[in-house]
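Work through the exercises below with the sequence and the model open. Try each task before reading its solution.

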Amino acid sequence: MAAISSVLLQLCSSGGHVVASATLYGGTHALLSHFLPRTCNITTTFVDITDHEAVKNAIVHGRTKVLFFESMSNPTLNVADIPELSKLAHEKGITVVVDNTFSPMVLSPVGLGADVVVRSISKFISGGADVIAGAVCGPARLVNSMMNLHQGALMLLGPTMNAKVAFELSEKIPDLGLRMKEHYRRAMEYAIRMKELGLRVVYPGLEDHPQHQLLKSMANKGYGFGGLLCVDMESEERANMLMHHLQNSSQFGLIAVSLGYYETLMSCSGSSTSSELNAKEKALVGISPRLVRMSIGYTGTLEQKWSQFEKAISSMRDSSTLFEIEGFGIRGLIEPLESTDITLKHLLKCHMNKVDVKDTLLAHILLKIFIPQSIVIYNLSSLTKN
Ligand SMILES: Cc1ncc(COP(=O)(O)O)c(C=O)c1O
């Protein structure tokens, strides 16, 4: 975030304007929609970055200084047409800043026409989830201006990397290419196999991805299509259940918000890394609570890990039994989850008081009832009224 905020502060002055993709990492979205307008009078118009007419129309002559987008969007994995967007921005004298966090090695935005690349090094480049850092890569003129004694955002705001951390990071760069290839190899294989299992998968390496051909035309040969994929689980409760089983029943991966780690990390972006967007903004860009984002790791062998995935899917099927509470018109899925203090009585009270089941869903209230042999937790989020 320091890289992103420093570049934007360097390129825009008070009264400046940014045109940005509506699908951005939640922190970047909040920076542009709340923080920069309040503190610096820098405003942003958010657009669908795949709609080039909308991008053109959002540019305000004399005020727009920056076109900002993610090469591969977090979490929806849309791919931006970097050459076309750079061309249209340059025709209007606007600087193109691309966040390439999701696709190091895969995409080289400056080679494709962009002016500046920013990236979170905390992700693939670090690879070990042990460093929090970022990078700005741009023309010497810009980088020097950022270090200017009187006007430089890096010099004056001070997000300078510790020299020891910089050294540690430099040791991780030589194997970045190898790591990206393995992230890709597994993500591609799992995406194909998940599809065969009937799951709805979003992965830019699949031919049915809307920007598959575009990405193919821009990508550096041999590095594939990245290590992230998304699975649309059709409901929030099934999304949570999938992650629960993948972590706790089979150790396929960990539920965590980061990405680019050697272990597989999974999160529901809608309630985590994109929670800064409001419900309308999320709906507009297709960030649904059903979506599980997976950053595919490379520990163990591909086949070992796949058998863990299959095990999780079958234990999920075994444990998901539809139940009905007669007389109350309530039905839902039985899900063994962590314990909680909420009782069945509480659920029925909620229901009888006509508390919206969806509200309780958002509050992540879990209901526990005891049945012979085991404790079964009913996840309120999966309840629907008949
Ligand atoms: C696309 C993207 N850009 C920027 C960031 C911010 O990175 P950091 O947490 O290293 O500041 C993130 C964090 O997840 C991200 O996904």
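The exercises go from the whole chain to single elements and then to the ligand.

**Exercise 1. The whole chain**

Task: State how many helices and strands the protein chain has, and what share of its residues is buried.

Solution:
- Start with the source: this is a predicted model.
- Count the elements. The protein chain holds 14 helices and 16 strands.
- Turn to burial. Of the 386 residues in the protein chain, 45% are buried.
- Add the contacts. Take those between residues at least 6 apart in sequence: 67% of them join residues at least 24 apart.

**Exercise 2. Helix α2**

Task: Check whether the length of α2 agrees or disagrees with its residue count, then find where α2 bends and what it packs against.

Solution:
- Helix α2 covers residues 26-40, which is 15 residues.
- At 1.5 Å a residue, the expected span is 21 Å.
- The end C-alpha atoms of α2 are 19 Å apart, so the two values agree.
- Look for a bend. α2 turns by about 35° at L32.
- List the buried residues. In α2 they are G26, T28, H29, L31, L32 and L36.
- Recall the helix rule: with 3.6 residues a turn, residues three or four places apart point the same way.
- Name the packing partners. The buried residues of α2 pack against α1 (2-11), β1 (17-21), β2 (43-47) and β4 (95-99).
- Step past the end. N41 follows α2, and its phi is positive, near 55°.

**Exercise 3. Strands β1, β3 and β4**

Task: Decide whether β4 is enclosed or open, and work out how β3 pairs with β4 and with β1.

Solution:
- Five of the five residues of β4 are buried, so β4 is largely enclosed by the rest of the structure.
- Sort them by direction. T95, V97 and D99 point one way, V96 and V98 the other, and all are buried.
- This fits the general rule: in a regular strand the side chains alternate between the two faces of the sheet.
- Move to β3 (residues 64-70). Five bridges join β3 to β4, and the two run parallel.
- Fix the register: E70 has D99 as its bridge partner in β4.
- Now the pairing with β1. β1 and β3 are parallel, with four bridges. Here H17 stands opposite T64 of β3.
- Check the cover of β3. Seven of its seven residues are buried.

**Exercise 4. The five-strand sheet**

Task: Give the strand order of the open five-strand sheet and name its edge strands.

Solution:
- The order is β7-β8-β11-β10-β9, with mixed pairing.
- The edge strands are β7 (200-202) and β9 (254-255), each of which pairs on one side only.
- Take one edge. β9 pairs with β10 (residues 265-267) in the parallel sense, over two bridges.
- Fix this register too: L254 is bridged to L265 in β10.

**Exercise 5. Residue P109**

Task: Place P109 in the chain, and decide whether P109 is buried or exposed.

Solution:
- P109 sits in the loop between β4 and β5 (116-120).
- The cut-off for burial is 20 or more other C-beta atoms within 10 Å.
- P109 has 27 C-beta neighbours inside 10 Å, so P109 counts as buried.
- Find its contacts. Leaving out residues up to four places away in sequence, P109 touches S71, I82, V98, N100, A114 and V117.
- Take S71. P109 and S71 are 38 residues apart along the chain, yet their C-alpha atoms are separated by 7.6 Å.

**Exercise 6. The ligand shell**

Task: Say how many residues surround the ligand, and sort them by class.

Solution:
- The ligand is surrounded by 13 residues.
- The closest are M1, Y25, T101, S120 and S122.
- By class, the shell has eight polar, three nonpolar and two charged residues.

How values were computed. Residues numbered from 1 in each chain as written. Predicted model: local features only at pLDDT ≥ 70, side-chain atom pairs only at ≥ 80, totals over all residues. Expected span 1.5 Å × (residues − 1). Bend = angle between axes of the 7 residues up to and from the residue. Buried ≥ 20, exposed ≤ 12 C-beta atoms within 10 Å, placed from the backbone. Contact = placed C-beta atoms within 7 Å. Near = placed C-beta within 6 Å. Nonpolar A, V, L, I, M, F, W, Y, C, P; charged D, E, K, R; others polar. Pairing = 2+ DSSP bridges.
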